[in-house]
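Work through the exercises below with the structure open. Try each task before reading its solution.

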Amino acid sequence: MRYKVGAEQLQQVPSLVHRPDTVFRVARTAAVGPTHAVCAATGAAACGIKADQLQVLDQDWEAACFVEKCPGCFAVAITQCEAEADKR
Ligand SMILES: [Zn+2]
């Protein structure tokens, strides 16, 4: 995991968990609004905003398809991917 999900705001979202014999409700923590890519190694946000204002979730930002992504972070993440590919 290179980037973790950094959310500006979090909310508890109720969701249903389906098990073979039962269905129950759990509260899941979800990001509200755009999320930022927080470097797993340095803890800094990719686009340069202050990471101490963010709630960092232990989730892979690049794999998180259910959230809105900050365009600045997205551009940096893509650029770094290309830079790493160039080194090979
Ligand atoms: Zn950002």
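The model is predicted. Begin with one residue pair: Pro14 stands opposite Ala27 in β2.

**Exercise 1. Find how strands β1 and β2 pair, and what joins them.**

Solution.
- Step 1: Locate β1 at residues 3-18 and β2 at residues 23-39.
- Step 2: Check the direction. The strands β1 and β2 run antiparallel, joined by 15 bridges.
- Step 3: Pick out residue pairs. Pro14 faces Ala27 of β2. Ala7 faces Thr35, also in β2.
- Step 4: Trace the connection. A hairpin of four residues leads from β1 to β2.

**Exercise 2. Work out the strand order of the sheet, and say which strands stand at its edges.**

Solution.
- Step 1: Recall the general rule. Strands of a sheet pair through backbone hydrogen bonds, in parallel or antiparallel fashion.
- Step 2: Take β1 and β3. Four bridges link these antiparallel strands. One residue pair in this pairing is Lys4 with Asp60 of β3.
- Step 3: Take β2 and β4, the latter at residues 68-69. Two bridges pair them in the parallel sense. Here Pro34 stands opposite Glu68 of β4.
- Step 4: Assemble the order. The sheet is open, has four strands and reads β3-β1-β2-β4, with mixed pairing.
- Step 5: Find the edges. β3 (55-60) and β4 each have a single partner strand, so one side of each lacks a neighbour in the sheet.

**Exercise 3. List the residues of the largest nonpolar core, then follow the contacts of Val38.**

Solution.
- Step 1: Recall the general tendency. In soluble globular proteins, nonpolar side chains tend to be buried together.
- Step 2: Mark the 12 residues: Tyr3, Val5, Ala7, Ala31, Ala37, Val38, Ala45, Ala46, Leu54, Trp61, Cys70 and Cys73.
- Step 3: Note the strands involved. β1 and β2 each supply at least two residues of this core.
- Step 4: Select Val38. Leaving out residues up to four places away in sequence, Val38 touches Tyr3, Lys4, Gly6, Gly43, Ala45, Ala51, Leu54 and Val56.
- Step 5: Compare the two lists. Tyr3, Ala45 and Leu54 are among the contacts of Val38, and they also belong to the core.

**Exercise 4. Decide whether Asp86 is buried or exposed, and find how far it lies from Val26.**

Solution.
- Step 1: Place Asp86. It lies in helix α1, residues 71-87.
- Step 2: Count its surroundings. Asp86 has 7 other C-beta atoms within 10 Å.
- Step 3: Apply the cut-off. A residue with 12 or fewer is exposed, so Asp86 is exposed.
- Step 4: Turn to Val26. Asp86 and Val26 are 60 residues apart in sequence. In space, they are 44 Å apart, C-alpha to C-alpha.

Conventions
Residues numbered from 1 in each chain as written. Predicted model: local features only at pLDDT ≥ 70, side-chain atom pairs only at ≥ 80, totals over all residues. Pairing = 2+ DSSP bridges. Buried ≥ 20, exposed ≤ 12 C-beta atoms within 10 Å, placed from the backbone. Core = buried A, V, L, I, M, F, W, Y, C linked by C-beta atoms within 7 Å. Contact = placed C-beta atoms within 7 Å.
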